[in-house]
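Work through the exercises below with the sequence and the model open. Try each task before reading its solution.

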Amino acid sequence: MVGLKPSDVPPPLGVKMASAGAAACIADLVTFPLDTAKVRLQVCAQTRARCSPPCLTCRPHLQIQGEKAAVEATKNIRYRGVFGTISTMIRTEGPRALYNGLVAGLQRQVCFASVRIGLYDNVRDFYTGGRDSPGVLVRILAGCTTGAMAVSFAQPTDVVKVRFQAQVNLDGVARRYNGTMQAYKHIFQNEGLRGLWKGTLPNITRNALVNCTELVTYDLIKEAILKHKLMSDNLPCHFVSAFGAGFVTTVIASPVDVVKTRYMNSPPGQYRSAINCAWTMLTKEGPTAFYKGFVPSFLRLGSWNVVMFVSFEQIKRAMMVTKKRMEATN
């Protein structure tokens, strides 16, 4: 057995929510540079560097930071692929730029993952009335439910995270935000509550897709592995299940993720709605625009899923061991 053994007693809701939040924070710490590279590619920073004057895709991003200064400072910058983007960011902005928005990202995971992942088993059991072997449709419904619930109150943290990641940190370019709390305040003062919840519809759509695909795929792969006795319920099993879940999730959720990123990072008035943003992308850039940043998305989601699910299973089991010991001493 690799790793801690599963508990004989099902973990309570509090343990699952705490484990999910902690595991998601660990996964974010490990994979955040990949997520930042994905955001940069999705907002078409590489096109901005090549366009003179800036194209329709890039102009909104520049207007937020100050177009003249941004064009001048980035005219010789080229983003090529995920690792090329990471390398360019380190060279031009320093390694800290890869972790722009990390504080908001961790805040997001504490609020977000603890609900969408931690509540999944309980919501699934609620829909089935506690019956064993729930069907795929019930699992999908449970995943969509917890994903939508999480977004409904964690959206402001996602808005701030995306804007920090899209922010170019170069000499001569004014920074939009200098700190997480200042970002929340600035968005509220200039855009109101709607600004903090900007992109909620595409984000609910994305996270309903991501959550049900991620959790249901992980559930099904893990169950199949254990049913056919290919592996035992340990780290290798969790690794394979999480990797498969990451790939399937990226394929399904990438188009919505691109629209969400573009819309949340746009200045007021650029798009009338998330649907208008998607239509503009389709008509101006073609269907391939919806899969911009697919490689970094997969690298990020695949690695994020592996780190998160492996950590989640082990933290959950460690907490149950600790709980059992504490009960034994009382």
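Axes are lines fitted to C-alpha atoms, for helices over the stretch in contact, and angles between their N-to-C directions run from 0 to 180 degrees. The model is predicted.

**Exercise 1. The fold in outline**

Task: State how many helices and strands the protein has, and what share of its residues is buried.

Solution:
- Count the elements. The protein has 13 helices and zero strands.
- Read their order. From the N terminus on, the run is α-α-α-α-α-α-α-α-α-α-α-α-α.
- Turn to burial. Of the 330 residues in the protein, 54% are buried.
- Check the range of the contacts. Among contacts with a separation of 6 or more, 79% join residues 24 or more positions apart.

**Exercise 2. Helices α11 and α12**

Task: Classify the packing of α11 and α12 from the angle between them.

Solution:
- Take the geometry. The axes of α11 and α12 (residues 274-285) come within 9 Å and cross at roughly 105°.
- Apply the cut-off. Angles of 65 to 115 degrees count as roughly perpendicular. So α11 is roughly perpendicular to α12.
- List the contact. From α11 come Val 258, Val 259, Arg 262 and Tyr 263; from α12 come Ala 274, Cys 277, Ala 278, Met 281 and Glu 285.
- Sort by class. The contact of α11 with α12 has seven nonpolar residues, no polar ones and two charged ones.

**Exercise 3. Two partners of α8**

Task: Describe how α6 and α7 each pack with α8.

Solution:
- Start with α6 (residues 102-116). Its angle with α8 is about 180°, and the two axes are 8 Å apart.
- Classify the pair. Angles over 145 degrees count as roughly antiparallel. Therefore α6 and α8 are roughly antiparallel to each other.
- Name the residues on the α6 side. They are Ala 104, Gly 105, Gln 107, Arg 108, Cys 111, Phe 112, Val 115 and Arg 116.
- Name some on the α8 side. Among them are Thr 146, Gly 147, Met 149, Ala 150, Val 151 and Phe 153.
- Sort by class. The contact of α6 with α8 has 10 nonpolar, five polar and four charged residues.
- Move to α7 (residues 120-128). It packs with α8 (residues 136-166) at about 130°, with the axes 9 Å apart.
- Classify this pair. The helices α7 and α8 are therefore oblique to each other. Their crossing is right-handed.
- List the contact. Tyr 120, Val 123, Arg 124, Tyr 127 and Thr 128 of α7 meet residues of α8 that include Val 138, Arg 139, Leu 141 and Ala 142.
- Sort by class. The contact of α7 with α8 has six nonpolar, four polar and two charged residues.

**Exercise 4. Two residues of α10**

Task: Place Asn 207 and Thr 217, and list what each touches beyond four places in sequence.

Solution:
- Locate Asn 207. It lies in helix α10.
- Judge burial. Residues under 20% relative accessible area count as buried. At 2%, Asn 207 is therefore buried.
- List its contacts. Asn 207 touches Arg 108, Phe 112, Gly 147 and Val 151.
- Relate these to Exercise 3. Arg 108 and Phe 112 of α6, and Gly 147 and Val 151 of α8, also belong to the contact of those helices.
- Add a distance. The C-alpha atoms of Asn 207 and Ala 253 are 8.2 Å apart, across 46 residues of chain.
- Locate Thr 217. It is also in α10 (residues 200-227), and at 14% relative accessibility it counts as buried.
- Find its polar partner. A polar atom of the Thr 217 side chain lies 2.5 Å from the backbone oxygen of Thr 213.
- List its contacts. Thr 217 meets Cys 212, Gly 244, Ala 245 and Val 248.

**Exercise 5. From α10 to α11**

Task: Decide whether Lys 229 and Cys 237 are buried or exposed.

Solution:
- Place Lys 229. It sits in the loop between α10 and α11.
- Judge it. Its relative accessible area is 72%, so Lys 229 is exposed.
- Check the backbone. Most residues other than glycine have a negative phi. Phi of Lys 229 is near 55°, a positive value.
- Place Cys 237. It lies in α11 (residues 235-265).
- Judge it. Its relative accessible area is 0%, so Cys 237 is buried.
- List its contacts. Leaving aside neighbours within four places, Cys 237 meets Lys 222, Ile 225, Leu 226, Met 231 and Ser 232.

Terms used. Residues numbered from 1 in each chain as written. Predicted model: local features only at pLDDT ≥ 70, side-chain atom pairs only at ≥ 80, totals over all residues. Heavy atoms only, no water. Helix = DSSP H or I, 4+ residues; strand = E, 2+ residues; numbered from the N terminus. Parallel < 35°, antiparallel > 145°, perpendicular 65-115°, else oblique. Left-handed = near helix turned anticlockwise from the far one by under 90°. Contact = heavy atoms within 4.5 Å. Nonpolar A, V, L, I, M, F, W, Y, C, P; charged D, E, K, R; others polar. Buried < 20%, exposed > 50% of the residue type's maximum accessible area, 1.4 Å probe, protein only. Polar contact = N/O pair within 3.5 Å; in protein donor to acceptor, adjacent residues only side chain to side chain.
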